[in-house]
Structure formats: structure tokens, C-alpha cells
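User: I would like to understand how the terms used for this protein follow from computed values. Please set each value against its cut-off and then conclude.

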Amino acid sequence: MRRRVASLLARSALPLLSRLDPERAHDWGLAGLRLLHPLWPVVDVPGALAVPCFGLKFAHPLGLAAGFDKNGDYLDALGAMGFSHVELGTVTPRPQPGNPKPRMFRIAARAALVNRMGFNNKGVDHLLARLATSRFRGIRGISIGKNADTAIEHAEADYVTCLRKVYTQADYVAVNVSSPNTARLRELQAREGLERIVGALLEERARLKMRHVRHVPLLVKIAPNLDTEQLTSMAATLRALGVEGVIATNTSTDLSLLGSAWPETQRGGLSGAPIHSLSIAVIAQLRAELGPHIPIIGVGGIVSADHALATLQAGATLVQVYTGFAYQGQRLVQEILTALALNGVAPALADRGLRPEKRR
Ligand SMILES: Cc1cc2nc3c(=O)[nH]c(=O)nc-3n(C[C@H](O)[C@H](O)[C@H](O)COP(=O)(O)O)c2cc1C
């Protein structure tokens with residue numbers, strides 16, 4: 001009965017929301033979900049899907065990507081959709097409004113979005129207050145970034161401030177150096193930038209680990225618009241630094257993937273179906289360069305179970321969705337979990353000599 005009510009509500013809400021301005025639809029959709037999620041049936045997850053990864057146990061490989069719930073305001077409602085992990089943020093030390101609206105655009109015919117949000121968020125302290133009241137039992141990732149008015153030369157101070165604040169609340173921390181909507185941020189993906197930012201974070205983590213007797217994995221989230229040489233150099237740097245994992249990929253600055261469906265003069269980051277092949281090419285090269293033991297969270301253009309399986313097959317250990325979930329809601333989560341249970345995760349990982357239950 002609960003399942004039928006929930007699916008009826010979802011089926012009637014999605015077409016209505018799709019007529020609203022995309023950012024308003026996102027906010028109203030989440031507010032509705034928060035109100036109604038106690039009605040949602042518990043999502044059944046077969047135990048065989050569990051994936052141990054960077055010292056944590058994920059109930060299954062599928063999570064929600066960063067940016068969907070930037071402030072932790074909807075964590076319990078999103079958790080009820082069946083995700084094994086939710087990556088909150090990106091948060092910055094101080095609250096900031098982000099770029100002027102409109103800043104999120106639908107290209108429904110291509111199952112895509114273009115956004116230039118610019119890290120709009122209520123600040124890290126707000127996120128922490130929300131986490132303190134949450135009952136979500138899954139894995140909580142927290143994505144951290146820098147304020148728009150912090151000079152790129154001093155960016156490490158913002159990242160370190162965020163790490164200090166979230167340390168006891170995060171299961172893992174994602175270092176976002178790949179958003180296309182904060183000026184010069186992606187420069188931090190070059191070797192000097194990574195060494196400066198990630199190096200400072202690793203030093204601070206060593207101190208925090210001693211103080212709190214707790215090890216929080218650090219992951220770096222990268223852009224899909226890196227050429228093969230840049231990726232090779234980045235993989236070498238990340239290995240040398242010793243990060244626990246990589247999240248690939250953020251949105252793409254190559255809007256030509258949309259062809260004539262998008263005016264040349266409008267900028268932003270592209271997500272959804274058109275970036276899937278770009279994203280899995282990055283994952284496949286990273287997997288080859290990083291070797292089998294550094295986990296990759298694969299994200300980008302997963303809008304069906306087949307896309308999720310292809311991302312795992314390319315070398316990802318876990319996967320995340322954003323745009324596919326924005327368009328399809330919980331139906332996509334169910335579809336992916338069913339496919340993984342039927343045939344997906346074990347073969348995809350076994351191909352690389354890994355078994356979901358036996359990995360470190
Ligand atoms: C509106 C919007 C906001 C986003 N905000 C963030 C963010 O704050 N931090 C981040 O790391 N990624 C952010 N992303 C990128 C997503 O987490 C994801 O990497 C990207 O959309 C590709 O996945 P998809 O094709 O499934 O959407 C955002 C994406 C969208 C569409």
C-alpha cells in the first residue's frame with residue numbers, strides 16, 4: 001500500500017515539477033520529499049551488493065552526487081530513496097549566494113542539465129547543524145570548496161577550515177577542485193595546485209586523526225575535460241600524495257556536446273547523458289594509471305542501469321547520480337539496484353580481479 005501511494009505521488013509530481021523553472025523545481029521537489037518521505041517504503045537491498053571501500057562499508061555501490069543537497073537540509077529524505085551514500089555540499093567556510101539566477105537549465109530531450117550555480121550554500125556551520133539532527137544511517141560524504149572571494153593563491157586556508165569543521169561528522173571528505181563555475185578553481189587540478197591544496201589537507205588530517213582517533217578518507221573530485229597527458233600527470237600526483245580515492249567526474253565545460261540544442265554564448269557545466277562517454281573514458285584511463293587498489297567513484301551521465309554497469313565496468317568501484325535522479329527520481333535508483341542485484345556489481349568488479357565482499 002505504502003509503495004503504491006509513494007509511487008503514485010512521485011509519478012504525479014515529476015511532470016508538474018518539470019514545468020517549473022529548474023532551480024525552483026529542485027527546491028520544491030526536495031521540500032515535498034522531506035514532507036512525504038516517512039511514507040516511503042523501505043528500499044530492500046540484497047546483502048551481496050555491499051562494497052567495502054576506503055575502510056568503509058557501503059550497502060551497495062550507488063550514491064547521490066554532490067550538489068543535490070548542498071546544505072544537508074534533506075539528508076533523511078534523500079537517504080530514504082535508497083542511496084548507500086550521499087555526498088553533501090559543496091560547502092565553503094562562509095555562506096555565499098552563488099551566481100545570479102537563472103543558473104540551472106534543462107535540456108530534457110538530451111536528459112541533460114547545464115548549471116552555473118557557483119557554490120551557492122549556507123556555509124559549513126549550517127551543514128554541521130543539519131547533520132547533528134539527521135538519522136541517515138548510510139555513508140555521509142562531505143564535499144568541500146573555497147569561497148568565491150578567497151583568492152586562489154590562499155585557497156588552501158578555506159579547504160583546511162572546512163576539513164577541520166567537518167572532520168568528526170564526515171565518513172569521507174571530497175575535495176572539489178573541478179567545478180567550472182568558480183573562477184580559476186580548476187587551475188588547482190594542475191600538479192602545483194594539487195600539491196598545495198591536498199598537501200595542506202593531508203597535513204591537517206594527520207593532526208585531526210591524532211586528536212580525534214579517527215581516520216577520514218580524503219578523495220579528490222576531478223573534471224572530465226582533461227586530456228590524456230593531464231590525466232597521466234594528475235594520476236601520478238594523486239598516487240604520490242596518497243589520497244584514498246578519486247571522484248570522476250564533475251560537469252563538463254564542453255557544451256558543444258549538445259550541438260545546436262544549446263546557444264554558443266551561454267556558459268556553464270554540462271551534466272547528464274551527453275557526458276557519459278567522456279566520463280567513462282576518464283575513469284578507464286584513471287583505472288589504468290592508478291592501478292587496481294585506489295577506489296574511483298564514477299559519476300557522469302548515468303541515466304540508466306546500463307550506464308551504471310558501464311561505469312563500473314570502466315573501472316569505478318562505486319557510482320553516483322545527479323541529473324538522472326533529477327529527471328527520473330527514485331525509479332532510477334530502483335532500476336540500478338535491481339540490475340546490480342541481477343548481474344551487475346560482482347561481474348564488473350570481478351573482471352578487475354576484485355570481489356565486492358573481499359576487498360580491503
Ligand atoms: C545543478 C548542479 C549542481 C552541482 N553542484 C555540485 C557541487 O556543489 N559540488 C560538486 O562536486 N559537484 C556538483 N555537481 C556535479 C555533480 O555532482 C556531478 O558530478 C555531475 O553532475 C555529473 O553527474 P550527472 O551526469 O549524473 O549529473 C553539480 C551538478 C549539477 C547539475
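User: Why is Arg-184 called partly exposed?

Analyst: The model is predicted, and in it Arg-184 has a relative accessibility of 45%. Buried means under 20% and exposed means over 50%. The value of 45% lies in between, therefore Arg-184 counts as partly exposed. Arg-184 is located in the loop between strand 8 (172–176) and helix 6 (191–212).

User: What makes the phi of Arg-184 worth a remark?

Analyst: Arg-184 is not a glycine, and yet its phi is positive, at about 65°. Most residues other than glycine have a negative phi. Phe-54 is also a residue other than glycine, with a positive phi near 35°.

User: Where is Phe-54 found, and is Phe-54 buried or exposed?

Analyst: Phe-54 belongs to the loop between strand 1 (51–53) and strand 2. Its relative accessible area is 5%. Buried means under 20%, so Phe-54 is buried.

User: How do you know that Cys-53 and Cys-162 count as buried?

Analyst: The cut-off for buried is again under 20%. Cys-53 has a relative accessibility of 2%, and therefore counts as buried. Cys-162 has a relative accessibility of 0%, so Cys-162 counts as buried as well.

User: How many disulfides does the structure hold, and what would make a pair of cysteines count as one?

Analyst: A disulfide requires a pair of cysteine sulfur atoms within 2.5 Å. The structure holds zero disulfides.

User: Which peptide bonds are called cis, and what is omega for them?

Analyst: The bond from Gly-89 to Thr-90 is cis, its omega being near 10°. Thr-90 is part of strand 4 (residues 85–91). The bond from Lys-101 to Pro-102 is likewise cis, with omega near -5°. Pro-102 is placed in the loop between strand 4 and strand 5. Most peptide bonds are trans.

User: Why does Ala-235 count as buried, and which residues does Ala-235 touch?

Analyst: Ala-235 has 1% relative accessibility, and buried means under 20%, so Ala-235 counts as buried. Ala-235 is a residue of helix 7 (residues 228–241). Leaving aside residues up to four places away in sequence, Ala-235 touches Leu-286, Glu-289 and Leu-290. Contact here means heavy atoms within 4.5 Å. Leu-290 is 55 residues from Ala-235 along the chain, and the two C-alpha atoms are separated by 6.1 Å.

User: Why is the protein said to be as compact as a globular protein of that length?

Analyst: The protein has 11 helices and 13 strands. Its radius of gyration is 19 Å, and the globule rule gives 21 Å for 360 residues; the two values are close, so the protein is as compact as a globular protein of that length. The C-alpha trace spans about 55 × 50 × 45 Å along the principal axes. Of the 360 residues, 57% count as buried. Among contacts between residues at least 6 apart in sequence, 73% join residues at least 24 apart.

User: What makes an empty space a cavity or a pocket, and how many cavities of 30 Å³ or more does a search of the whole structure find?

Analyst: A cavity is a set of points where a 1.4 Å probe fits but cannot get out, whereas a pocket is open. The search finds one cavity of 30 Å³ or more. The largest cavity has a volume of about 460 Å³. Its lining comprises 31 residues, with Ala-66, Asn-115, Asn-250, Thr-251 and Tyr-322 closest to the centre. By class, this lining has 12 nonpolar, 17 polar and two charged residues.

User: What is the volume of the largest pocket, and which element gives the most to its lining?

Analyst: The volume of the largest pocket is about 750 Å³. Helix 2 gives the most to the lining of this pocket, with nine residues. The lining has 31 residues, and those nearest the centre are Leu-14, Leu-17, Ala-25, Gly-29 and Ala-326. By class, 24 of the lining residues are nonpolar, six are polar and one is charged.

Key: Residues are numbered from 1 along each chain as its sequence is written. This is a predicted model: local features need pLDDT of at least 70, side-chain atom pairs count only at pLDDT 80 or more; totals for chains, interfaces and linings use all residues. Side-chain values use heavy atoms; hydrogens and water are left out. On a 1 Å grid over the protein atoms alone, a cavity is a set of points where a 1.4 Å probe fits but cannot get out, and a pocket is an open set with protein on both sides within 12 Å along at least five of seven lines; lining residues have an atom within 4 Å of a point. Grid points are joined across faces, edges and corners, and a volume is the space filled by probe spheres set on the points. Helices (H or I, at least four residues) and strands (E, at least two) are DSSP runs, numbered from the N terminus. Ala, Val, Leu, Ile, Met, Phe, Trp, Tyr, Cys and Pro count as nonpolar, Asp, Glu, Lys and Arg as charged, and the others, Gly among them, as polar. Buried means under 20% relative accessible area, exposed over 50%, partly exposed in between (1.4 Å probe, protein chains only). The radius of gyration is taken over C-alpha atoms; the globule rule is 2.2 Å times the number of residues to the power 0.38.
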